[in-house]
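Trainee: Could you take a close look with me at one part of this model, starting from a single helix? I would love to follow your reasoning slowly and then see what surrounds that part.

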Amino acid sequence: MIRDDVFVFDNVVHMYDYSDENLVSEQSEYDRHYHVSKVLRRRRTAPTDVYANWHPVEGFKRRWSVEDMGRLVFEDSGTDMAMAQAVPLFDLYKDGFAPVKAQYAFAQAFPERCLFCGAVDPMYPSVAAACEEMERQVKEWGAKSMKIYNAHVDGKSWACDDPEIAYPLYEKGRELGIEVFQFHKGNPITRAKLRDLSPLDIEGAALDFPDLLFGIHHLAVPYFEEVVWMANRYENVFLVLSGIGHTPMVAPRTFTEWMGRLLRDVGSERVLWGSEMALLGNAKPVIEWIWEMEIPESMQDDYGYPQITEEDKRNILGLNQARIFGVDVEAKKQELWSGAAR
Amino acid sequence: MSDHEALVTDVQDIIETQIRPLLKIHGGGITLDKVSEKGEVSLRFEGACRGCMLKSVTYALGVRQKLMQHPGVTDVAVEGVRISDHAIRRVEKFYSGYSFWVGQPLKDQSSS
């Protein structure tokens, strides 16, 4: 919580496993190097910060522990609740970029503050096996959502509107009570083709499954224009600021333009904060920045962007995620912060 | 009929005759939710307008300006549409003196 009453519900944190043992092949090292080094300039550390004790690149080539993540997310960053999201990158990491069982372990360690988002891939090894695994993650581990990554480096990329490959997942989710599917789009973090990360394949799925919600991560940059149009057209599409949420540290005007556009054409009710902690370090400086941000007069004049309000910021930082996953914010605040717990 | 009831009737007429027919051309529509005692008009886009990227322009030129021309209407809001005051002031400035009417309001047609 920041400012004593702003509820922060992070849509996406990851228990990463960048250990050598998790790499699929020698080539995976190229992707890992990219993952751990590309964000260096956006990662903030302080001399007294435990995270700074690690080498900024080498320190991340490991399997994160529940204790480290709990401290980072729930003690140091001002985050009240988070969703631990698995990332099924099985073409590079044996157990995935952020393994399913590691996210489950984190959610189990903080049951009052963390929701578990599972992950499956219909190409690893098959649609039927993915559906079976989804059922296990939901029934045994209490998954509340599913994360999808459809672009791969080994020729196994698939489309999220493929009736034979993708739709069985949504049908299975529907059967299991999973109403929220989330997709890594744009923002390539592997050698996979950017074209395979186009968000346009979400459109058919959103149309054919109007009772499900489709979350698009990273604003699908560089496909920003496309996702704004899609979210504008389909009310069952929401957008997550994951990955690009730290842009203000480097390019505040770029981020502000994105936000102004979203406020004008989508609305703050379908934009969710997501930090990607731990990769980009402690998210608190960015959360604070968003809380203080304004849409400058020049953008209001040039683009008709509305001023961002306190209500918008509360929606984005936590209330939207709480609404989507049925969390009673006032009850949760009471549970977490009443008495000496704070 | 009270002044407020008369205002509601006029707003409904303007929507029916001046706004809805144009929106319908592209498969869109609009619903009147409320006219407050202060003259604030609240509406909702329907059909194709709901998912249209140009709904902010439709709001500014095709809905707001038409309704604001009517005495007694003090503000016009459409659910889910937000543009800056700068943009609204610009529309008001540039279209000052221009008529938005594309035909007679319904009540005028019936009386003529």
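**A bent helix and its surroundings**

Mentor: Let's start with α11(A), which bends by about 60 degrees at A:Ile316. Please keep in mind that you are looking at a predicted model.

Now try a small check on the length of this helix. Helix α11 of chain A covers residues 310-324, which is 15 residues, and at 1.5 Å a residue these should span 21 Å. The expected span is 1.5 Å times one less than the number of residues, so that is the rule behind the value. In the model, the end C-alpha atoms of α11 of chain A are 20 Å apart, which agrees with the expected span.

Which residues of α11(A) are buried? The residue at the bend, A:Ile316, is one of them, and the list also includes A:Asp312, A:Lys313, A:Asn315, A:Leu317 and A:Gly318. Further along, A:Leu319, A:Asn320, A:Gln321 and A:Ile324 are buried too. After the helix comes A:Gly326, and its phi is positive, near 70 degrees.

Positive phi values also turn up in chain A at residues other than glycine. Phi of A:Asp4 is near 70 degrees, and A:Asp4 lies in the segment before β1 of chain A. Another case is A:Ala220, with a phi near 55 degrees, found in the loop between β6 and α7 of chain A. Are these two residues buried or exposed? To decide, you need the cut-offs: a residue is buried if 20 or more other C-beta atoms lie within 10 Å of its own, and exposed if 12 or fewer do. A:Asp4 has 7 C-beta neighbours inside 10 Å, so A:Asp4 counts as exposed. A:Ala220 has 27 other C-beta atoms within 10 Å, so A:Ala220 is buried.

The loop that holds A:Ala220 has another feature to find. The peptide bond from A:Val221 to A:Pro222 is cis, with omega near 15 degrees, and A:Pro222 sits in this loop between β6 and α7 of chain A. A cis bond also joins A:Met277 and A:Ala278, where omega is about 20 degrees. A:Ala278 belongs to the loop between β8 and α9 (284-292) of chain A.

Those loops lead us to the strands. Chain A has an open sheet of eight strands in the order β1-β2-β3-β4-β5-β6-β7-β8, with parallel pairing. At the edges stand β1 (9-13) and β8 (271-272) of chain A; each has a single partner strand, so one side of each is left without a neighbour in the sheet. For one pair in detail, look at β4 (residues 145-148) and β5 (residues 180-184) of chain A, which are joined in the parallel sense over three bridges. There A:Met146 stands opposite A:Phe181 in β5(A). Across β6 (213-217) and β7 (237-240) of chain A lies helix α7 (residues 224-233), running at about 140 degrees to β7(A).

Chain A also has a partner. Their contact takes 14 residues from chain A and nine residues from chain B. The side of chain B that touches chain A has three nonpolar, five polar and one charged residues.

Let's finish with chain B itself. It has four helices and three strands, and from the N terminus on its elements run α-β-β-α-β-α-α. Of its 112 residues, 29% count as buried. Strand β1 (residues 28-35) and strand β2 (residues 40-47) of chain B run antiparallel and are joined by seven bridges. They form a hairpin with four residues between them, and B:Gly39 in the turn has a positive phi of about 90 degrees. B:Val41 is a residue to find here: it is the bridge partner of B:Val35, and it also stands opposite B:Val76 in β3(B). β2(B) pairs with strand β3 (residues 75-78) of chain B in the parallel sense over four bridges.

Together these strands make an open sheet in the order β1-β2-β3 of chain B, with mixed pairing. Its edge strands are β1 and β3 of chain B, each pairing on one side only. From one strand to the next, the twist averages 30 degrees. Helix α1 (residues 3-25) of chain B packs on this sheet, touching β1 and β2 of chain B, and its direction makes about 165 degrees with that of β1(B). Helix α2 (residues 55-68) of chain B packs on the sheet as well, touching β1, β2 and β3 of chain B, at about 150 degrees to the direction of β3(B).

Note on methods. Residues numbered from 1 in each chain as written. Chains lettered and ligands numbered in written order. Predicted model: local features only at pLDDT ≥ 70, side-chain atom pairs only at ≥ 80, totals over all residues. Helix = DSSP H or I, 4+ residues; strand = E, 2+ residues; numbered from the N terminus. Bend = angle between axes of the 7 residues up to and from the residue. Pairing = 2+ DSSP bridges. Contact = placed C-beta atoms within 7 Å. Axes fitted to C-alpha atoms, helices over the stretch in contact; angles between N-to-C directions. Nonpolar A, V, L, I, M, F, W, Y, C, P; charged D, E, K, R; others polar.
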